[in-house]
Amino acid sequence: MRRLAVSLFVVGFMLALSVGVPSVSADNGPHVKGMGGMLTSNCAGCHRAHTGQAADLLKASSVEALCYTCHGSAAGGSSLDVRDGVGYPEAGESGKEDSTERPEGDVKALRGGGFKYAMIETNTEKAEYEGGIKSETQEAFEAIGSNKRLVSGEIPTASSGREVTSSHSTNGSPQIAWGNGAIDASTTEWKNESEAERKASYGATVELTCASCHNPHGDGDYRILKGLPGGGEGNTYNTTEVNITEPSSPNNPKQYTTSNYWETWEPYNKNFRYRISEWCSTCHTRLLTTGSTATTPSGDAVFEYRHTTNFTQAQYEKIEKEYVSAEHPDGTKTEPNCIQCHVAHGTDATMEGWAAGVPLPNGETPTHSETGGGGESFLLRVDNRGTCQMCHYTSVG
Ligand code: HEC
Ligand code: HEC
Ligand code: HEC
Ligand code: HEC
Ligand code: HEC
Ligand code: HEC
């Protein structure tokens, strides 16, 4: 009897393992590497054999429209509504392989922000240094003193969606991938340059869609991000593949939502933090910088002095080792990378004063966002230049 009880326990335990633990596949939904086998139904989620509505036999009128059939407002098919910037309950938590309708309940904010609405509370950020919480009082400034080491930061989520003021475009319209290409010492005014000169000065033109960044067929990488964004035939603007996924990492469970937009790192895939700057820079080449690039000129006419945006993996690991403690399990997160200052999809941050007039590198005013609003918020996580104040404590008063 005893023996039976033990073996039943073991069987139960093994069942629990196989049922409760997310699939070993790093992908999710219909986007699984291998596509679910020879008799898969997945293709029909996106393709029609004779009645395609867009090139590549897509069942919707464009790539963006296709993605929004499942990831858009009020759509079924996925619990991740990237248009409204919300994740429905269980998104990523259960490791489920497919969903046909959205469960009811409280929604949470998606890590990437959103394309039409986003739930980032962009005006109440908090920064805690070793000497205390950063505030506008002279006392706090003095208490924190010269040892300005950030131990934790918080950018809360908003209770409901707010209109997006800037986002990556996803409708396939031609857009400049700012900084794409090699250092270019010469530039004249935008309006006087030829197309080739503009490309060299500012960056190549890219027709951005969801599938420029994500691989709809699954690839085993974090968020099915393409190693070579853009990709496809005729892609000459980037050539260096960046693997965003930790080698032999489970990349599971998935945490698509967040309650703190300062916490950009990902516990189940550290490579996201180590490699995201390199990944973004497959398109924004000249923005990738390590070391004292804020004080050493690059030789480029437009992108001449540049804020540090990357550390080597060894540097990241060293910083983690030195600063992570029981009290501060996340350690200090003061190393700037693209995703610390920007979200990947779109933001609801608003810009005033000096921050409202910042042009694009070519002098033009940024306008892209589905709601047509704001425009100069550059996908930033905090209003105005509150982002700078998270890490630098320059003065008070
Ligand atoms: C989640 C939606 C989705 C699913 C599921 C899907 N596809 Fe696709 N497929 C696309 C999109 C979008 C493109 C266009 C790719 C682009 O624009 O980069 C595409 C392109 C293609 C192409 C053109 C070449 C290429 O790889 O880009 C083929 C062939 C293809 N799909 C076959 C399939 C087959 C077979 C299945 C099922 C095993 C499948 N697809 C499942 C969305 C999907
Ligand atoms: C037929 C429905 C459907 C379509 C169409 C669809 N998706 Fe998904 N997608 C899902 C589901 C289901 C998941 C899993 C998350 C969940 O439980 O909702 C998912 C997950 C994802 C993820 C997270 C993957 C990961 O590695 O965790 C990304 C990114 C994504 N989709 C992008 C896209 C893009 C880009 C398109 C358009 C090319 C697209 N999806 C079209 C249903 C769909
Ligand atoms: C410029 C590249 C880029 C484009 C364009 C893009 N994505 Fe993403 N997407 C990302 C990155 C990077 C992440 C990971 C963000 C993170 O974890 O902080 C992501 C995350 C996601 C997620 C997971 C939820 C989240 O918000 O983190 C989904 C689902 C998704 N994208 C779908 C889409 C769909 C659908 C489109 C088109 C409407 C799209 N993406 C366009 C880069 C892009
Ligand atoms: C596939 C190429 C590609 C990748 C990868 C890419 N971008 Fe972009 N990015 C663009 C293009 C094209 C634009 C021009 C604006 C648009 O999308 O309409 C742009 C614009 C921007 C802007 C300015 C937005 C504005 O309002 O003018 C920011 C900020 C930005 N990207 C940040 C990022 C970050 C952060 C990442 C990585 C998470 C990233 N990009 C990855 C192509 C890319
Ligand atoms: C320290 C914060 C910070 C980091 C890190 C950062 N950015 Fe930015 N980024 C900004 C701000 C602020 C702007 C708005 C323009 C300005 O004030 O220079 C901006 C503007 C942009 C633009 C619009 C073009 C331009 O240069 O004005 C792009 C594209 C962009 N960032 C991409 C990236 C990418 C890609 C990375 C990582 C390689 C990155 N950013 C890292 C703060 C940052
Ligand atoms: C995520 C933290 C972080 C954010 C946010 C941030 N910085 Fe920095 N900044 C740093 C670090 C770290 C350095 C030193 C880089 C190095 O030398 O390796 C630095 C360096 C600089 C420098 C060069 C001078 C020096 O002390 O080396 C200037 C100027 C600067 N930052 C301005 C800004 C501005 C303006 C913003 C907002 C757009 C900003 N920073 C946002 C962390 C940050």
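**Exercise 1. Which residues does isoleucine 120 touch, not counting residues up to four places away in sequence?**

Let's work through it on this predicted model.

Step 1. Take contact to be C-beta atoms within 7 Å, and leave out residues up to four places away from isoleucine 120 in sequence.

Step 2. Read off what remains: isoleucine 120 touches Ala109, Gly113, Ile155, Thr157, Ala158, Tyr261, Thr347, Asp348, Ala349 and Arg381.

**Exercise 2. Place Ile120 in the largest nonpolar core, and find where that core comes from.**

Step 1. The core has 55 residues, and Ile120, Ile244 and Ile276 touch the most other members.

Step 2. Now list the elements that each supply at least two residues of this core: helices H2, H5, H6 and H8, together with strands S3 (108-110), S4 (117-120), S5 (126-129) and S11 (205-209).

Step 3. H2 provides the largest share of the core, five residues.

Step 4. Check the domains: domain 1 (26-112) and domain 2 (113-397) each contribute at least three residues to this core. As background, nonpolar side chains tend to be buried together in soluble globular proteins.

**Exercise 3. Describe the shell around ligand 2.**

Step 1. Start with the residues: 28 surround ligand 2, and Gly29, Gly45, Cys67, Cys70 and Ser78 come nearest.

Step 2. Turn to the elements. Helix H2 (63-71) and helix H5 (210-213) are those giving two or more residues to this shell, and H2 gives the most, with six.

Step 3. Sort by class: the shell around ligand 2 holds twelve nonpolar, eleven polar and five charged residues.

Step 4. Finish with the domains. At least three residues of the shell around ligand 2 come from domain 1 (26-112), and at least three from domain 2 (113-397).

**Exercise 4. Do the same for ligand 5.**

Step 1. Ligand 5 has 21 residues around it, with His284, Thr309, Pro336, Cys338 and Cys341 the closest.

Step 2. At least two residues of this shell come from each of helix H6 (271-280) and helix H8 (338-341). The most come from H8, which gives three.

Step 3. The classes here are twelve nonpolar, nine polar and no charged residues.

**Exercise 5. Which residues of helix H4 are buried, and what do they pack against?**

Step 1. H4 spans residues 195-202, and its buried residues are Ala200, Ser201 and Tyr202.

Step 2. Their packing partner is strand S10 (171-176).

Step 3. Look just after the helix: glycine 203 takes a positive phi of about 140 degrees there.

Conventions:
Residues are numbered from 1 along each chain as its sequence is written. Chains are lettered from A and ligands numbered from 1 in the order in which they are written. This is a predicted model: local features need pLDDT of at least 70, side-chain atom pairs count only at pLDDT 80 or more; totals for chains, interfaces and linings use all residues. A residue is near a molecule or strand if its C-beta atom, placed from the backbone, lies within 6 Å of it. Helices (H or I, at least four residues) and strands (E, at least two) are DSSP runs, numbered from the N terminus. Ala, Val, Leu, Ile, Met, Phe, Trp, Tyr, Cys and Pro count as nonpolar, Asp, Glu, Lys and Arg as charged, and the others, Gly among them, as polar. Domain bounds come from an automatic or database domain assignment. A residue is buried if 20 or more other C-beta atoms lie within 10 Å of its own, exposed if 12 or fewer, and partly exposed in between; C-beta atoms are placed from the backbone. Two residues are in contact if their C-beta atoms, placed from the backbone, lie within 7 Å. A nonpolar core is a set of buried Ala, Val, Leu, Ile, Met, Phe, Trp, Tyr and Cys residues joined through C-beta atoms within 7 Å.
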